[in-house]
Structures are given as structure tokens and as C-alpha cells.
Amino acid sequence: MSKPKTVVCICQLLIGLTIHMGCNMGNTNASDNTTPSSYFSERKRMVEYQIRARGIDDKKVVDAFLRVERHRFVPDRYIPHAYEDRPLPIGEGQTISQPYIVAYMTHVLSLSRSDKVLEIGTGSGYQAAILGELCDHVFTVEVIPSLGRKAEGLLNELGYENVKVKIGDGYEGWEEYAPYDAVIVTCAPTHVPEPLKKQLKEGGRMIIPVGEAYDQTLVLLRRIGDRLKEERRLPVRFVPMVNETGKTY
Ligand code: SAH
């Protein structure tokens with residue numbers, strides 16, 4: 001065996017072993033499965049053991065989770081933990097959600113390519129990138145300017161031209177581009193905001209955590225004419241929805 005081949009083998013072995021290590025092997029083309037891309041085996045494991053093992057098997061959703069490099073969306077010191085089964089801090093007291101919760105919320109919205117989606121709570125931009133892989137038009141609102149701008153910069157750098165970021169209070173939705181086929185809320189108000197209900201299209205779906213601080217239920221809503229059909233789904237723990245002065249809703 002020639003020397004270069006040995007090096008490749010050792011590299012592949014290292015990729016397999018370094019689940020929790022910050023080992024970037026240099027190739028960043030995540031959609032090319034023929035070469036070892038950055039953390040690709042960690043992403044595969046995340047999808048297998050955290051997402052598919054818990055019953056989410058939708059190929060389009062699974063492929064989006066394989067493509068989006070979650071480690072790009074966390075602060076440097078958390079990169080070695082980016083593919084673990086838990087939320088992580090992203091600064092300003094906020095968190096990027098556990099991968100399974102991101103997958104669950106994405107899956108229950110039954111998204112189509114042509115759908116127009118509104119996200120409230122951009123945070124790191126990870127959920128927005130997943131939505132950007134699946135839908136033509138994504139609009140996301142973040143109340144903390146520094147987080148919103150950072151996410152916007154990263155989403156631009158990664159080429160998500162179909163994702164628009166706005167700094168503002170997402171309680172009000174984003175009227176300009178309404179109505180939406182789907183609304184996903186990743187911070188928790190104590191009630192479903194009236195403007196978000198109004199901005200949902202006929203047949204549109206909304207997934208939203210509702211409840212008091214750290215004791216909420218994920219609720220799935222569907223607009224049928226003037227009514228909203230409501231299904232309570234999972235107990236969850238999201239950061240509270242707040243206005244621009246930090247007051248909770
Ligand atoms: N979806 C994010 C995680 C969001 S954490 C991701 O993939 O990383 C929840 C986010 O909601 C925080 O960034 C918080 O600042 C934001 N948030 C809280 N209240 C908000 C409001 N009224 N409007 C918009 N964003 C809000």
C-alpha cells in the first residue's frame with residue numbers, strides 16, 4: 001500500500017472515532033457523500049440515532065439534516081458538542097434547540113417545496129437553514145439584534161438566498177409577506193399570538209410551544225376557514241417569547 005492511501009485510511013478511521021472532537025478534515029462540501037465532508041459521519045449518526053430512531057423517516061427532512069452543518073451554527077467552544085442530543089447555548093442567554101425537536105417541528109408541518117414559511121425566533125439560524133433546504137421562501141424574525149444579524153450573515157455566507165431575516169418582535173409576525181403556508185415558533189408565549197393566527201393561509205399549519213416559562217406544550221394548529229383546529233403534541237421547554245424590552249408574552 002502506498003503512503004497516500006495509508007493517510008486516507010487513517011483519516012477515515014479518525015473521522016469515525018472523533019464523534020465529540022473538533023476535528024475538521026478540510027472538505028466542506030456536505031452534499032457530496034463520496035468524500036468525507038466536515039462532520040458528515042457525526043451528522044449521519046445524529047440522523048440515525050436521534051431522529052430516525054424516534055420515528056421521523058421522511059426522506060426530504062432527513063436529507064436536510066444530513067446537508068446542514070449544525071456545527072457552523074454553534075459558538076466555537078461548543079463545536080465538539082454540535083451533534084449531541086441536546087440544546088446548546090448560542091449567547092445572549094438563548095439556545096439552539098435539540099436536533100430531534102427541530103426535526104419534529106419541521107416534520108409535523110408537512111412542508112412542500114413551494115411553501116412560504118414564517119419562523120419566529122431565528123436564534124442561530126439553524127432551523128431557518130433546515131427550512132431553507134425544504135422550501136422556496138423562508139421568513140424569520142429575531143428580537144435580539146446581535147443574534148439576528150449574526151444568523152443573517154451566516155445564512156448569506158452559506159448561500160441561503162431564499163431565507164430573509166428581520167430584526168423585530170415576532171409576536172406581530174411579518175405582515176408584509178403574509179399569508180404563510182406554515183408558521184413555526186421557536187420561543188414560547190403563554191398564548192397563541194393573534195397576528196400569527198391571522199397570517200396563516202387557509203389550510204396552513206402552525207407549530208408553537210405554548211405555556212409558562214419552562215413548562216410548555218407543543219401545539220399544532222391548522223386553519224380551516226375561520227377556525228383553527230388545535231392538537232396538543234409534546235411537553236417541551238423553550239425560552240420565553242419576549243418583546244423588545246424583554247417583557248414576556
Ligand atoms: N430557532 C433557533 C432557536 C431559537 S431560541 C435556532 O435554530 O437556533 C429562541 C429565539 O427566539 C431566541 O433567539 C430569542 O431571542 C428569540 N425570541 C424570543 N422572543 C422573540 C420575539 N418576540 N420575536 C422574535 N424572536 C424572539
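These are my notebook entries on cysteines, aromatic rings, nonpolar cores and strands in a predicted model.

**Entry 1, cysteines.** I looked for disulfides and found 0 in the structure. I then checked two cysteines for burial. Cys 135 has 0% relative accessibility, so I put it down as buried. Cys 187 comes out at 11%, which is also under the 20% limit, so it is buried.

**Entry 2, aromatic rings.** I counted 9 aromatic pairs in the structure. One of them joins Tyr 100 and Tyr 104, with 6.1 Å from centre to centre and 50° between the planes, and I noted it as tilted. I asked why these two rings are about one helical turn apart. They are 4 residues apart in helix 4 (residues 99-108), so about one helical turn separates them. I looked up burial for both: Tyr 100 is buried at 14% relative accessibility, and Tyr 104 is buried at 11%. Elsewhere I found Phe 139, Trp 174, Tyr 177 and Tyr 180 in one aromatic cluster.

**Entry 3, charges over rings.** I went back to Tyr 100 and found the charged end of Arg 54 over its ring, 5.1 Å from the centre. I also found Arg 70 over the face of Tyr 126, with 4.9 Å to the ring centre.

**Entry 4, nonpolar cores.** Tyr 126 came up again in the largest nonpolar core, which has 54 residues. Phe 65, Phe 73, Leu 111, Tyr 126, Ile 130, Leu 155 and Ile 207 are the members that touch the most others. I checked which helix or strand gives the most to this core, and it is helix 4, with 7 residues. Another core lies apart from it and has 20 residues, including Phe 139, Tyr 171, Val 192 and Met 206. I then listed contacts of Phe 73, leaving out residues up to four places away in sequence; among them are Ile 90, Ile 96, Tyr 126, Leu 154 and Leu 155.

**Entry 5, strand 8.** Is strand 8 (residues 215-224) largely enclosed or open? I found 7 of its 10 residues buried, so the rest of the structure largely encloses it. On one pairing, strand 7 (residues 200-212) runs antiparallel to strand 8, joined by 8 bridges. Ile 207 has Leu 220 of strand 8 as its bridge partner. The hairpin of these strands has 2 residues between them, and Tyr 214 takes a positive phi near 65°.

I followed strand 8 on to strand 9 (residues 227-236), where the pairing is antiparallel over 8 bridges. Arg 222 stands opposite Lys 229 of strand 9. This hairpin has 2 residues between its strands, and Gly 225 in the turn has a positive phi of about 60°.

Key: Residues are numbered from 1 along each chain as its sequence is written. This is a predicted model: local features need pLDDT of at least 70, side-chain atom pairs count only at pLDDT 80 or more; totals for chains, interfaces and linings use all residues. Side-chain values use heavy atoms; hydrogens and water are left out. A disulfide is a pair of cysteine sulfur atoms within 2.5 Å. Buried means under 20% relative accessible area, exposed over 50%, partly exposed in between (1.4 Å probe, protein chains only). Rings of Phe, Tyr and Trp (its six-membered ring) pair if their centres lie within 6.5 Å; planes under 30 degrees apart count as stacked, over 60 as edge-to-face and the rest as tilted. A charge sits over a ring if NZ of Lys or CZ of Arg is within 6 Å of the ring centre and within 35 degrees of the ring normal. A nonpolar core is a set of buried Ala, Val, Leu, Ile, Met, Phe, Trp, Tyr and Cys residues joined through side-chain atoms within 4.5 Å. Contact means heavy atoms within 4.5 Å. Two strands pair if DSSP finds at least two bridges between them.
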